[in-house]
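Visitor: I am new to this structure and would like a close look at a single part of it. Please take the sheet in the first chain, and then show me how its surroundings connect to the rest.

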Amino acid sequence: MEISWKKYAYTFLITAVIFITAIYLSNYFSQKKINEIKNIESRIAVDILASETQFSLLSELSCRDIGSSFLSKELAILGDKLAYTEQNRGSDDAEVLNLKKYYSLLQIKDFLLMQKVKERCGSNQANNGLSVMYFYSNEGDCSDCEKEGFVLTKLRSDYPELRVYSFDYNLDLSTLQTLVSVYNIENKLPAILINDKVYYGFKSVDDMKKALPMLKEIDKQKAKEEALKAKQSSSTKSI
Amino acid sequence: MMHLVSESITYIILFFALYVEVFFLITYFEFREADFVKNATGQGRNTSKFPSVSIIVPVWNEETTVLKTIFSLLKLNYPKDKLSIFIVDDGSIDDTWRIIQRFSRNKQIKLLRKENGGKYTALNYALEFINSDLVGCLDADSFVHPEALKRIVTKFDDNEIMAVTPSVKIFEPRGLLGLIQKAEYIFGIFLRKVFSYLNALYITPGPFSIFRRSVFDKIGGYRHAHNTEDMEIAMRMQKNNMKIGNVHNAFIYTIAPTSLVTLYKQRLRWVYGFIKNAIDYRSMFFRPQYGNLGMVVLPAAGFSVLSTIYFFGSMIFSWINSLILMIKEISTVGLSFKGFNFDFFYFNTDIIVFISFVAILGTFLIIVTSRGLAEEKNKFGFDSILFLMFYTMLAPIWMTKAIYNVVFAQKTKWR
């Protein structure tokens, strides 16, 4: 029986071309995504630098002038995108590691800036001073980290004013290690730092609300607003 | 490490799957034109030149469908003196024998009866009485298109052709399973065409494959062959360098299983039969002397069983993983709807996505082409969509069981 080896070779060539194109396209889009993360990071860096400069330039800066745009809003989006990329490319990917280090530095800077605002203007400015520092590990030694991640994601979506700074405890970054030693955070993960107090182990949504009474205040306020709205709509209906 | 291994396996499988798909498509478009021109010139022949044909209808408890099958044979547009029908009752215990008595005086029809011994014994029994030029078989759950035989017979003008396969379609498909099988059979019409171009047909389907009588003299009669005698005889022919052809517009209509259980049993028998026959004929795999059959078609058929199971397995695995993750999330923070994120960033742009896209595009091309071959009105139908959606989830069920049966030596039954 006849065999057309030439056709076998052509088919191989075509298949290989399809494969190479797929690899090329995948790399192209993946690089595009990395660039997007880099862009966000540089935008945040500029934002922080601008706010810092503004802050030191006008030491007399009136606390009233510190609006809601003082702190970067993109930090949370960046965190999500970075987590997604890490999941896809793996946590040992050199590019991912670099982006993560930069992200961690930006978070620390943002945190310090917020602390400064808080010191000078009290906790009623910017974002009510609501912040949580979260330390996790991806190395399989933290069984509750995944669950804690769900809790913090949920809190962040329910309370956009809450700033969640998340750090990979094992990230090779000296600034992060300094932060760890400043707050004396032990390797008992997940660890959460709220108002200079460290909590170890899994903390549920309710536990978090207990540690952050401000969240309960927000809940009350929201409930009040809703009741008012309901009242208004029922009164307009009766008219 | 595990991740790397499974990823490599996935890409290797994808490469081969894509290779086979490209190979089949290239082959189809390479031969199509020449084949169609040849077919068109083969029409309109002299009646005296028609070869004599015998059709064997093996029946076993087929009282409900046997009449329709025989009537469809009697309605064949073929010279009556050249066509005889042999009905073999393989020891039915229902009313089949009594029902077929109405043909006892028909000169075209011969009624035979024997003790139950399985389909292949019924076929061999009838072969003893047959000395026509051509001989074929028609299962009692199938019906022929009036022009089918004429169209098939023209193919035998080529002296090298020793058997010809028809195109099998589902008779009045109903329900979800009926429609899925309809699309599947139409898909099969394309594959059979390509296999015939490659001279690599390894199944001569029970419904209306026609052989030269001399085939059985040369290589012997049907064998039990793990209840898939129609596959074994074709493989034996190929092993003996006998050419098998295909006429795509010779349509046969077969009644499809309507319940999942009967479909499962039928397919289990097919896949089990394929694997067992493939093991029996393993010496044909990767041997250039068996041409495209040995080098591509048989390995691809075996590979498709394994790859379907592999992909199904990894799909189930990833479903279970995301289910566990979802349960963990719900148990931690309760049910919350996050909404859809249409940010381009979250679109999956893995290599596998682009390759799957090309593979699916190829599958669409095959579906459209095969529907043309099947003379369907629409180039794409609801049944094609159902087939694409559900077939990959159904097939692994019987494939896995078939492999289990082969490994643990469990035999399959006809019914």
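Guide: Before turning to the sheet, one definition is needed: two strands are said to pair if DSSP finds at least two bridges between them. Strands of a sheet pair through backbone hydrogen bonds, either parallel or antiparallel. Please keep in mind throughout that this is a predicted model.

With that in hand, chain A holds an open sheet of four strands, which follow one another in the order E2-E1-E3-E4 with mixed pairing. At the edges stand strand E2 (163-168) and strand E4 (197-200) of chain A, each of which pairs on one side only. From one strand to the next, the twist averages 20°.

Looking within the sheet, strand E1 (residues 131-136) and strand E3 (residues 191-194) of chain A run antiparallel and are joined by three bridges. To place one residue in this picture, Phe135(A) has Ala191(A), in E3(A), as its bridge partner. A helix also belongs to the view, for H4(A) packs on the sheet, where it touches E1 and E2 of chain A, and its direction makes about 160° with that of E1(A).

From the sheet we can move outward to the contact between the two chains, which takes 26 residues from chain A and 27 residues from chain B. On the side of chain A that touches chain B, the elements giving two or more residues are helix H1 (5-57), helix H2 (75-89) and helix H4 (145-158) of chain A, and H4(A) is the helix already met as packing on the sheet. The most comes from H1(A), which gives 15 residues to that side. Sorted by class, the side of chain A that touches chain B has 14 nonpolar, four polar and eight charged residues.

Across that contact, chain B is itself divided into domain 1 (1-41 + 141-332 + 348-415) and domain 2 (48-136), and the C-alpha centres of these two domains of chain B lie 28 Å apart. Between them, 24 residues of domain 1 of chain B are in contact with 26 residues of domain 2 of chain B. On the domain 1 side of this contact, at least two residues each are supplied by strand E5 (142-144), helix H5 (148-155), strand E7 (210-212) and helix H7 (213-219) of chain B, with the largest share, four residues, coming from H5(B). The residues of that side of domain 1 of chain B divide into 13 nonpolar, four polar and seven charged.

Definitions and conventions
Residues are numbered from 1 along each chain as its sequence is written. Chains are lettered from A and ligands numbered from 1 in the order in which they are written. This is a predicted model: local features need pLDDT of at least 70, side-chain atom pairs count only at pLDDT 80 or more; totals for chains, interfaces and linings use all residues. Two residues are in contact if their C-beta atoms, placed from the backbone, lie within 7 Å. Ala, Val, Leu, Ile, Met, Phe, Trp, Tyr, Cys and Pro count as nonpolar, Asp, Glu, Lys and Arg as charged, and the others, Gly among them, as polar. Axes are lines fitted to C-alpha atoms, for helices over the stretch in contact, and angles run from 0 to 180 degrees between N-to-C directions. Domain bounds come from an automatic or database domain assignment.
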